[in-house]
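Trainee: I want to test the wording used for this model. Show me the structure, and I will ask what stands behind each term.

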Amino acid sequence: MNRQIFSKFRLKDKEFKNRLFLAALATQYADKNGRVTDSMIQYYIHYALTGVAFLVVEAASVSNEGRGWSRQLSANHIDALPGLTRLADEIGERGSLPILQLHHAGRQALPSDKNNIVVGPSAIRCPVLNRPVRVLSPKEISQLVEKFTFSAELAYKAGFQGIELHGAHGYLLHQFVSPITNKRDDEYGLNNPEPYKFPLEVVRSLRLNFPKMLIFYRISARDYLPKGLTIDKTLPFVQRLLENGVDLISVSGGMYQSLHGPESIVGPSTPMGVFRNDSRAIKEFTKAPIAVTGKIQFPSLADEIITNGEADLIGLGRMILRDNDWVRKASGEVLEPVRECLLCNRCNYHKRGCPDDSDKPFWLRE
Ligand SMILES: Cc1cc2nc3c(=O)[nH]c(=O)nc-3n(C[C@H](O)[C@H](O)[C@H](O)COP(=O)(O)O)c2cc1C
Ligand code: SF4
């Protein structure tokens, strides 16, 4: 089948065999210290064989107080290196490029102390979690830049071809960019000539230390909340990310306030390709390499987005959890329509694939 999603794409010295990738999907397959397990390896081997050009390996925590959920993958200690190396090798050997997502959950973290306190740019609780927030000092913010850099170094040494900074979905980097969560009046606040100091410091540090590594930055283009981030504020931010060394912008949207619950923006009530308009706006504004993910249910829609130049790459999340043959069906190798995702979000609580009608991990099913 002659579809644009199967055309090659070049980013720096890396060639992607097609325009499709596995979007970051937390599995909770790490052990209690956040280390890679055999189950996690099996999971990613399975997805590397689906035919996508690259896998964004799930959010890996850059520091303990930033862990977002139990059994989260961690990339904050040298002990993580052997597991990460094995993971990158196993993915790469199956013809898919490994990318590691780096993450700090900020106010959306699991509390690491008995007072239930988490950290963030300002003392504003996430209404979904309602955990008290301790404001990060400038010194702590500088230390976080070092932590992101250390985690990127682990990814680099492990053999990942790039990293994706998780700057979306209401996590720490996003919290510094959104007017809902950042009310600071110091140099890390938004009322400055250079309003995005923390994310830009992270990007600059990574670019300086790893000139050849791919750096993706995942953004929430909008908060979908009153007085929240809007696309017109996102455009100049994206421009600054690119000027400071980001290679690709990956477009998503929302924070826990807008992503959880019945009115979730990735639930059934929003249109298919829910972030494509933002992706197109960013593409037109920057001309930079852009990826978009979110309710891209059908191969025809993915192809339309690429053909129209609304994005360069298509991320598949629940779509490929629901139908592991999505890519083979899109290419015509398997002659059946894709199995539609119900957008029920059960997988978001269950992790480990689409729970479907079985409790077994999918690679053990008949
Ligand atoms: C089980 C599950 C885990 C997820 N984990 C992550 C994650 O670790 N990092 C991230 O950026 N997004 C994560 N997401 C969001 C997905 O990457 C994707 O943006 C979202 O599912 C929408 O795309 P889709 O409609 O193709 O599923 C997760 C989503 C699900 C369903
Ligand atoms: S659990 Fe629901 S949302 Fe998740 S992949 Fe399966 S059908 Fe889709």
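Trainee: What makes β9 and β10 a pair?
Mentor: Strand β9 (residues 214-220) and β10 pair in the parallel sense over 5 bridges. Two strands pair if DSSP finds at least two bridges between them, so 5 bridges qualify. Strands are DSSP runs of E with at least two residues, helices are runs of H or I with at least four, and both are numbered from the N terminus.

Trainee: Which residues face each other there?
Mentor: Arg-218 stands opposite Ser-250 in β10. Tyr-217 has Ile-249 in β10 as its bridge partner.

Trainee: What is the status of the model itself?
Mentor: It is a predicted model, where local features need pLDDT of at least 70, side-chain atom pairs count only at pLDDT 80 or more, and totals for chains, interfaces and linings use all residues. Residues are numbered from 1 along each chain as its sequence is written, while chains are lettered from A and ligands numbered from 1 in the order in which they are written.

Trainee: Which other strands pair with β9 and β10?
Mentor: Strand β8 (residues 162-167) pairs with β9 in the parallel sense over 6 bridges. Gly-167 stands opposite Ile-219 in β9. β10 pairs with strand β11 (residues 290-293), also parallel, over 3 bridges. Val-251 stands opposite Val-292 in β11.

Trainee: Why is β9 called largely enclosed?
Mentor: A residue is buried if 20 or more other C-beta atoms lie within 10 Å of its own, exposed if 12 or fewer, and partly exposed in between, with C-beta atoms placed from the backbone. In β9, 7 of the 7 residues are buried, so the rest of the structure largely encloses the strand. Leu-214, Phe-216, Arg-218 and Ser-220 point one way, Ile-215, Tyr-217 and Ile-219 the other, and all are buried. In a regular strand the side chains alternate between the two faces of the sheet.

Trainee: How do you know that both faces of β10 are covered?
Mentor: Leu-248, Ser-250 and Ser-252 on one side are buried, and so are Ile-249 and Val-251 on the other. In β10 (residues 248-252), 5 of its 5 residues are buried.

Trainee: What makes the β9-α6-β10 unit right-handed?
Mentor: β9, helix α6 (residues 231-243) and β10 make a right-handed β-α-β unit. The term applies if, with the strands pointing away from the viewer, the path from the first strand over the helix to the second runs clockwise.

Trainee: Why is Thr-230 called partly exposed?
Mentor: Thr-230 has 15 other C-beta atoms within 10 Å. That count lies between the exposed and buried limits, so Thr-230 is partly exposed. Thr-230 is found in the loop between β9 and α6. Thr-230 and Ser-178 are 52 residues apart in sequence and 9.1 Å apart in space, C-alpha to C-alpha.

Trainee: How do you know that the chain agrees with a compact globule?
Mentor: The rule is 2.2 Å times the number of residues to the power 0.38, with the radius of gyration taken over C-alpha atoms. For 366 residues a compact globule would have a radius near 21 Å; the protein chain has 19 Å, which agrees. Buried residues make up 49% of the 366 residues.

Trainee: What makes a residue part of the shell around ligand 2?
Mentor: Its C-beta atom, placed from the backbone, must lie within 6 Å of the molecule. Arg-318, Leu-321 and Cys-341 are among the residues around ligand 2. α10 gives the most to that shell, with 3 residues.
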